[in-house]
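User: Please take a close look at the aromatic rings in this protein and what surrounds them. I would like one connected account.

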Amino acid sequence: MVRLLRAAVVPVALVVLVSLAGVVLDRVYAGSLLTLLVAGSAVGSVLVSVLTRRLRSWLVAPLSVLAMFGWTVVCLRVAAVEAQVPGGFAEVASDAAGNAVPRLLTAMIPVEAAPDTILLPVVAAWLAGLAGAEVALRAGRVLLGCLPPVLLQAGAVYVVGPNAEPAIGATVASVVTVALGLAVSSRSSHGGMVDGLSPTVRSGLVASPAGTAVVASVAGTAVVVALAALLGPAVAALVDTRPVDPRRYVQPPQVETLDENPLIRISGWALHPEQELFQVVTDSGAGPASTDPAGAPQVPAADGAGTRIRLAVLNDYDGVTWQVGATYRNAGRVLPATEPAPHATVDIVRQEITVVGLSGRLMPAVPAPREVSGARVAYDPGTGTLIHPDGLTPGVRYTVTSARERPDLNLLAIAETPAGDEVARVLHVPDGVPEQLRRLAAQLAEENGASYARAAAIEQWLADHYRLVADAPSGHAYPNLAFFLFGPRNGGGQRGTSEQFSAAFAVLGRLAGLPTRVVVGFAAPRSGPVRAADAYAWPEVLFDGLGWVAFDPLPRPEEEPRPVEEDFRPRSEDPPPSEQPESALEPTASPPAQAGPGGPTDTGGIPTPVLVGGTGSGLLFVVVALLVTLAGLRRAQSRARLHRGDPGHRIAGAWRELTDTLRLAGRPVAADLSATEVAAVARDALTGTVRGDVSATEVTSAAGGVAVGAAFDDRRGPTETHLAVDHLAALINQVGFAPGTATVEQAEYAARAATTYSATLRAARPYWRRLLWSVHPGPLRWPR
């Protein structure tokens, strides 16, 4: 019996080590299902190795993998049921197998134990148990057999990263387990598990002399001590450092371009008001009157005509568009709860939503969602919005339970808005604000000191002076907002959709010092279809203790808007006469003398000759400055082409110098000509010149390459120049068809060849053409 117990210590130790890896990883999971599944993998893998230890080793792995497949199927079914994942088993398993790694590394913490987030840990645990059991039980290498489970635990620590407290308990338990397994296995090395090994391994273990074991123990201890001495300080220095989060290397789900700025969809929906986007059914008995998990008082959703469903939250404005700017993480059925505002009550709203015509990835939901079932979602806790990573299609159905906050409106009048770095994002005003917008924001702010009074003044201003229409063009950049606010009413100004109303409120609010954002959503019935006509945008302002409070700047349908000119006070450039200083109204001491009849009139102007001369001098200076600038730009361009970059870039620059030279000489080459054909044109262009520039005696081949180091001599004939053009063409072919093989010497040769060819061709031009050669702007603008 004692021998049997000793023989069971090593398998039990392996099971514990693999299970501890599950405990480490489970720190970022919701619930304890992952630990149970990983422990099942540990027991199954080690048990298969124990039961098949008398079989040949090559039979164990296939049997174990077959058992792993069965256990994985069980785990996927259990996880799918627990997470309420829709779809058939084949669909769920295929999706989990194809997305296990990215879903695990992009999932929101705490991670829900769903099929795609448990598949990788379960399989890795089984393989680690199999490897450890085979090495420790079959080969008798207990310490080496503990390595796979320990590596699995190290991988779990890495995946967790900085998202949980240090796994000190699991680490200590692993060390104790390894030590216990080594101690018991050393005492039973001549019995216990030896009886279960093959005769060859058994005879080798029994025949091992005691002296060899002692020497091996001493050597192993020495190695451990040496490693501890060498690596100990480095490891200790890492204790206080923040672990690396592997999630930063994996891109989370992204919204489509259409969803990044859903505000522009308002105008399109307004033109097709009857389009059905989705169906909504609100559970009238949602939520007991108790307390929210985050601690706020909670009441059931009140019955009413409808509810406001949110699609997207837009925090970022760059002067052109409002954008979502959210980071979405794959989430499970239960979403992380956010802390509600201190002075707010929470209503529980449960709705079933069925997509009909709504496209994109953004999922409509009452803020803030706490639980979603029926569809896989990704969640951004900063905005409380959802996306469907696979995109919405007709027929997608999901049930969402939300905790809707209701701020205490009685506190708004005395509430203040936060400031500082935490809200800098929603206070940011990009450059380029039109001056009229600044003046209007300043006018509304100076008349209202309190934060809520400023927000209410902006809301009232927009509702009183502008008209809500469905056919206004989309746009909320600064010019669009300036035209909406101050454009002529008979020219299309002072009218817009909720896109312009909400965007104008948000920009004016930020200019007045209010943290604002824009929200796109729907005014939905409690149950029934939600159509395009129900879509609209509204602004929100952040208040201390109350959270985000929605405002409604839309005008009342029955009210006629007042002209903006009646209430907006544009700043005049010059004060009216009644407000001029007294000194400006006092007469001068003595009026200037008037010229007598027929006498000369001194107007105090500049004489005509001086005016003409000054104007001519100024024009001449401008022309000279322009010519000098062009010459400098041309010279800088040539230097950059011939002497900057790697050899390949410099040879390409020399070739562009040659083609520009031909174009300046009136011999442009077609873009479809090969380098050899261009070289032929260049040689023809030299006909009639009397200058040579390349010494043929120094045009040599370098390791099968193109000639380098050619000298230039003006006393030689044009034959050498022809050779230089041919070799330059060969060099550009080498760069094009064998990139990276050009040398510095070849680049220098190409620069000299191009420079001297240009000088040769320029010298053959008429005098006036040579003067304009260096200041011709063509090479600066000709396409490459």
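**Aromatic rings and the second largest pocket**

Analyst: Start with a charge over a ring: the charged end of Arg77 sits over the ring of Phe89, 4.4 Å from the ring's centre. Arg517 gives another such case, lying over the face of Trp548 at 4.1 Å from the ring centre. Note that this is a predicted model.

Trp548 leads on to a pocket. Among the residues that line the second largest pocket, Trp548 is one of those closest to its centre, together with Pro367, Glu405, Pro407 and Glu540. The lining has 42 residues. The volume of this second largest pocket is about 1100 Å³. Five strands give two or more residues each to its lining: S5 (306-314), S14 (397-407), S17 (516-525), S19 (535-543) and S20 (547-550). By residue class, the lining holds 24 nonpolar, 10 charged and eight polar residues.

Now the ring pairs. A pair of aromatic rings is described by two values, the distance of the centres and the angle of the planes. With centres required to lie within 6.5 Å, the count is 11 aromatic pairs. Take Tyr536 and Trp538. Their ring centres are 5.0 Å apart and their planes stand at 40°, so this pair is tilted. Both Tyr536 and Trp538 are buried. Phe543 and Phe551 make another pair. Here the centres are 6.4 Å apart and the planes again at 40°, so the pair counts as tilted. Phe543 is buried, and Phe551 is too. These two phenylalanines also belong to an aromatic cluster, which they form with Tyr452 and Phe505.

For the wider setting, the protein has 25 helices and 20 strands. Of its 784 residues, 44% are buried. Sequence-distant contacts are a large part of the picture: among contacts with a separation of 6 or more, 77% join residues 24 or more positions apart.

One residue outside the ring set rounds this off. Gly778 lies in helix H25, which covers residues 778-781. Gly778 has 0% relative accessibility, so it counts as buried. In sequence, Gly778 and Arg663 are 115 residues apart; in space, their C-alpha atoms are 8.9 Å apart.

Key:
Residues numbered from 1 in each chain as written. Predicted model: local features only at pLDDT ≥ 70, side-chain atom pairs only at ≥ 80, totals over all residues. Heavy atoms only, no water. Phe/Tyr/Trp six-rings, centres within 6.5 Å; stacked < 30°, edge-to-face > 60°. Buried < 20%, exposed > 50% of the residue type's maximum accessible area, 1.4 Å probe, protein only. Lys NZ or Arg CZ within 6 Å of the ring centre and 35° of its normal. 1 Å grid on protein atoms, 1.4 Å probe; cavity = no way out; pocket = protein on both sides within 12 Å on 5 of 7 lines; lining within 4 Å. Points joined across faces, edges and corners; volume = space filled by probe spheres on them. Helix = DSSP H or I, 4+ residues; strand = E, 2+ residues; numbered from the N terminus. Nonpolar A, V, L, I, M, F, W, Y, C, P; charged D, E, K, R; others polar. Contact = heavy atoms within 4.5 Å.
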